[in-house]
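Reader: Could you take me on a close look at one part of this model? I would like to follow a single strand and its pairing, and then move outward from there.

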Amino acid sequence: MGKSNDFGFIGDKPEQSKSTNSGKYTTHDQNVLRDDGKLAEPGNTSIIDLIVVAGGGGGGRGLAYGGGAGGGAGGFRQSLTHTIARGTTVTITVGAGGATGFNSSAGSASSWDTNGTAYESTGGGRVHAYNPGISGGSGGGGSHDGSGNCIAGGAGNAGGYSPSEGNSGGSSGAANFAGGGGGGGAGSNGSGCGTSDNGRAGGSGKEVTITGTSQFFSEGGGAGAGQNGNSGGSGRNNAGYGGFSNTAANSATANFGGGGGAGKAYSSTGGNGGSGRVMFKVAKSDKPLATTGTVSITEVGDNLVYDFTTTGTVTF
């Protein structure tokens, strides 16, 4: 009976089909399959590093006299102790960023799902015009109410995880023409309150070096400036910046989970939240058998980093 090296399994009775091959393979056959990442072996695969980033919330539009509030960052979660049984297919979901608006949209969750058990991060919190921000992975900023009050941002860590996946959004400024509150980030709360007409900065995110290069995830969106403000809130590296003067707000960078920047006063458009991401690192000897979706693979020493920027699957 012939056999191919498309799939492999060591057993007592040779069998073959279109999808799997089993039987007795020589040591050479096994080495060829193993080098190609196609040898089905018993046991577990150790995930050296797993990062799940949700989509960020949309930034708010500017309001009458007051700046809009920044969108909350998508939740950020990281595990250094994951194991997967060989032969398992994991479903990976990459959450979308939320759209801008007076009442913006929240970001969508991202997850790593093994047979119905999900390791998940929560989408970034949205903005509610003239009201407190909404909770999320990190909370949306508080929206100027036109009465000179500090309006609170939304709470972070909506998933209730430990360690926390994010932080609270900042309060709006305490003045009739003030800027909005910055969106919360995975590293810190959004900036808020005070009497300045300038937009408040979004919260800091998380810096990771899983690929050997620094990347910044889950930063809060910057708030828009009020009527007389001359600067918008910072979105730091990959979140959206708040609008001011003749400068429009911008959207967060795709696949970094940042919150959208907010529009300046007088109904200026804000920015959308950034989509999420799922990344994991394994030893080369534990190379997965197959993947679907948009994924890039980077060699880092004796390890491989798989970087999913769309929803897909991975089979170990």
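Author: Happy to. Two strands count as paired here if DSSP finds at least two bridges between them. Please keep in mind throughout that this is a predicted model.

With that rule in hand, let us start at strand E8. Strand E7 (residues 89-93) and E8 pair in the antiparallel sense, and four bridges hold that pairing. One place to look is Thr93, which stands opposite Ser111 in E8. Turn now to the other neighbour: E8 itself covers residues 110-114, and five bridges join it to E9, again with the strands running antiparallel. Here you can pick out Thr114, which faces Thr117 in E9, and Ser110, which stands opposite Ser121 in E9. In general, strands of a sheet pair through backbone hydrogen bonds, in either a parallel or an antiparallel way.

E8 and E9 form a hairpin with two residues between the strands, and in that hairpin Asn115 takes a positive phi near 50°.

How enclosed is E8 by the rest of the structure? Four of its five residues are buried, so E8 is largely enclosed.

Stepping back, E8 belongs to an open sheet of five strands, in the order E9-E8-E7-E16-E13, with antiparallel pairing. The edges of this sheet are E9 and strand E13 (290-292), each of which pairs on one side only. From one strand to the next, the twist averages 15°.

Let us now leave the sheet by way of E9 and enter the loop between E9 and E10, where Ser138 has its place. Is Ser138 buried or exposed? Its relative accessibility is 0%, so Ser138 counts as buried. A polar atom of the Ser138 side chain lies 3.0 Å from the backbone nitrogen of Asn167. Not counting residues up to four places away in sequence, Ser138 also touches several glycines and alanines, among them Gly72, Ala73, Gly124, Gly125, Ala155 and Gly184.

The loop between E9 and E10 also holds a disulfide, which joins Cys150 to Cys193 with an S to S distance of 1.7 Å. This pair links distant parts of the chain: Cys150 and Cys193 are 43 residues apart, and both sit in the loop between strand E9 (117-121) and strand E10 (206-208). The torsion about the S-S bond of Cys150 and Cys193 is about 90°, so the disulfide is right-handed. A search of the whole structure finds one disulfide. As for the surroundings of its two ends, Cys150 is partly exposed, with a relative accessible area of 31%, and for Cys193 the relative accessible area is 31%, which also makes it partly exposed.

One last stop takes us further along the chain, to Gly226 in the loop between strand E11 (215-217) and strand E12 (277-283). Gly226 has 5% relative accessibility, so it counts as buried; the cut-off for that is under 20%. Which residues does Gly226 contact, leaving aside its neighbours within four places in sequence? The list includes Tyr65, Gly66, Gly67, Phe177, Asp197 and Ala265. Gly226 and Leu63 are 163 residues apart along the chain, while their C-alpha atoms are separated by 8.4 Å.

To bring the tour back to where it began: E8 pairs with E7 over four bridges, and five bridges join E8 to E9.

Technical notes. Residues numbered from 1 in each chain as written. Predicted model: local features only at pLDDT ≥ 70, side-chain atom pairs only at ≥ 80, totals over all residues. Heavy atoms only, no water. Disulfide = S-S within 2.5 Å. Buried < 20%, exposed > 50% of the residue type's maximum accessible area, 1.4 Å probe, protein only. Axes fitted to C-alpha atoms, helices over the stretch in contact; angles between N-to-C directions. Polar contact = N/O pair within 3.5 Å; in protein donor to acceptor, adjacent residues only side chain to side chain. Contact = heavy atoms within 4.5 Å.
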